[in-house]
Amino acid sequence: MQLVLTLIAVQLATTCAFNVYIDGSAGTTGLQVRDRLSGRKDVNIISIPDELRKDESARKEYMEKADAVVLCLPDDASIQANDWLNESGNDSTVLIDASTAFRVDPTFTYGFPELCKEQK
């Protein structure tokens, strides 16, 4: 959890208002992320209506609108959401995954990317 917030804080240092979509915001991790970010004035949480939480096209739309997407989903759903963002050609949205889906994937940075010269 602290890692997710650290990554968002690093990105926030370069912007005034940061739009964050929490995919899986109704679950335990999503609720904790929302709670920790909700008091910040430099973060605008983009909330999908409850009735659209499982709607694939709505989730894709919200991911496209966000500066950062925090995935608080099971592994398979996180992999699918990552694929959607890659397929869209969007290379400006930061993807932060709270699942275990990419922890050993060599194309992802796990830990503190700001400490790795190649990830700055």
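**Entry 1: Surface**

I began with the accessible surface of this predicted model. The protein exposes about 7200 Å², and 49% of that area is supplied by carbon and sulfur atoms. I then looked up burial and noted that 34% of the 120 residues count as buried.

**Entry 2: Elements along the chain**

I listed the secondary structure next and found 4 helices and 4 strands. Followed along the sequence, these elements give the pattern α-β-α-β-α-β-α-β. I also looked up how far apart contacting residues lie in sequence. Of the contacts between residues at least 6 apart, 66% join residues at least 24 apart.

**Entry 3: The sheet**

I asked myself in what order the strands of the sheet stand. The order is E2-E1-E3-E4, in an open sheet of 4 strands with parallel pairing. Strands E2 and E4 (94-97) form the edges, and each of them pairs on one side only. Ignoring direction, I recorded an average turn of 25° between neighbouring strands of this sheet. As background, I noted that strands of a sheet pair through backbone hydrogen bonds, in either a parallel or an antiparallel manner.

**Entry 4: Strand E1 and its partners**

I turned to strand E1, which spans residues 18-23. Is E1 largely enclosed, and why? It is largely enclosed by the rest of the structure, because 5 of its 6 residues are buried; a residue counts as buried when its relative accessible area is under 20%.

I traced its pairing on both sides. With E2 (residues 43-46), E1 pairs in the parallel sense over 4 bridges. With E3 (residues 68-71), E1 also runs parallel, and 4 bridges join the two.

Which residues stand opposite Tyr-21? In E2, the bridge partner of Tyr-21 is Ile-46, while in E3 the residue opposite Tyr-21 is Val-69. For Ile-22, I found Val-70 of E3 standing opposite.

**Entry 5: Helices against the sheet**

I examined the helices last. Helix H3 (residues 56-65) packs on the sheet and touches E1, E2 and E3. The direction of H3 makes about 155° with that of E1. Helix H4 (residues 75-88) lies across E1, E3 and E4, and H4 runs at about 175° to E4.

Helix H2 (residues 28-37) belongs to a β-α-β unit with E1 and E2. I looked up the handedness of this unit and recorded it as right-handed.

**Entry 6: Recapitulation**

I drew the sheet once more with E1 placed between E2 and E3, and I marked H3 as touching these three strands.

Terms used
Residues are numbered from 1 along each chain as its sequence is written. This is a predicted model: local features need pLDDT of at least 70, side-chain atom pairs count only at pLDDT 80 or more; totals for chains, interfaces and linings use all residues. Side-chain values use heavy atoms; hydrogens and water are left out. Buried means under 20% relative accessible area, exposed over 50%, partly exposed in between (1.4 Å probe, protein chains only). Two strands pair if DSSP finds at least two bridges between them. A crossover is right-handed if, with the strands pointing away from the viewer, the path from the first strand over the helix to the second runs clockwise. Contact means heavy atoms within 4.5 Å. Accessible areas come from the Shrake-Rupley method with a 1.4 Å probe; for residues, only the protein chains shown count as cover. Axes are lines fitted to C-alpha atoms, for helices over the stretch in contact, and angles run from 0 to 180 degrees between N-to-C directions.
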